[in-house]
Amino acid sequence: MRLFSWGEYDKKRPVGGKIFCKHCYSSTTASVIWRVKEFSIFAIPISNSEELIGNECDSCKQPLKDEDLSYLPNTAESKWKCENCGRTWPLTHVRCTICKTRPGQRVNPDSST
Ligand SMILES: [Zn+2]
Ligand SMILES: [Zn+2]
């Protein structure tokens, strides 16, 4: 039996509410991740420290910055503008219905040029 040990695990807490992930372009949820380091003696946790790692998209597991979380469609007015045709769509539209362009993406110009 080991006298003492270090344990390390990740702790997650939901951010709360819906976010719009700019990695997977979906309306989803996110979690805040902490790395917990736990020092135990005789399997009894004596002390632990928590280090904030950051936020993560629950759908694609990509890291999200705090400013990405504020990219919430928390109002029905949140819209994105299609860079190709200039139309605006609610964030629940993952792509432009007209020209199939995704938010922040420009359709490749015709190869004729
Ligand atoms: Zn995502
Ligand atoms: Zn468009």
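**A short tour of a predicted chain**

From the N terminus on, the elements of the protein chain run β-β-β-β-β-β-α-β-β. That comes to 1 helix and 8 strands. Helices (H or I, at least four residues) and strands (E, at least two) are DSSP runs here, numbered from the N terminus.

Before we go on, a word on the model. It is a predicted one: local features need pLDDT of at least 70, side-chain atom pairs count only at pLDDT 80 or more, and totals for chains, interfaces and linings use all residues. Residues are numbered from 1 along each chain as its sequence is written, while chains are lettered from A and ligands numbered from 1 in the order in which they are written.

Let's begin with the sheet. It is an open sheet of 4 strands in the order β1-β4-β5-β6, with antiparallel pairing. β1 and β6 (63-64) stand at the edges with a single partner strand each, so one side of each is left without a neighbour in the sheet. As for the term, two strands pair if DSSP finds at least two bridges between them.

Now let's walk across it, starting at β1. How many bridges join β1 to β4? There are 11, and β4 covers residues 30-41. Two examples help you find your place: E8 has K37 as its bridge partner in β4, and K11 has W34.

Next come β4 and β5, which run antiparallel and are joined by 12 bridges. Here S40 stands opposite P45 in β5. The two strands form a hairpin with 2 residues between them, and in that hairpin F42 takes a positive phi near 50°.

The last step goes from β5 (residues 44-57) to β6, an antiparallel pair with 2 bridges. One pairing to look for is N55, whose bridge partner in β6 is L64.

What about burial? A residue is buried if 20 or more other C-beta atoms lie within 10 Å of its own, exposed if 12 or fewer, and partly exposed in between, with C-beta atoms placed from the backbone. Of the 113 residues of the protein chain, 9% count as buried. Why does β1 lie largely in the open? Of its 11 residues, the number buried is 0.

Please find V15 now, in the loop between β1 (4-14) and β2 (19-21). V15 counts as partly exposed because it has 19 C-beta neighbours inside 10 Å. Which residues does V15 touch, not counting those up to four places away in sequence? They are T29, A30, S31, V32, N55 and L69. By contact I mean that the C-beta atoms of two residues, placed from the backbone, lie within 7 Å. V15 and L69 are 54 residues apart along the chain, and their C-alpha atoms are separated by 8.5 Å. For the chain as a whole, among contacts between residues at least 6 apart in sequence, 43% join residues at least 24 apart.

Finally, two more backbone angles. Y25, in the loop between β2 and β3 (26-28), has a phi near 50°, a positive value in a residue other than glycine. Y25 has 19 C-beta neighbours inside 10 Å, so it counts as partly exposed. K100 lies in the segment after β8 (88-90), and its phi is near 65°, again positive in a residue other than glycine. Is K100 buried or exposed? With 11 C-beta neighbours inside 10 Å, K100 counts as exposed.

Thanks for listening, everyone!
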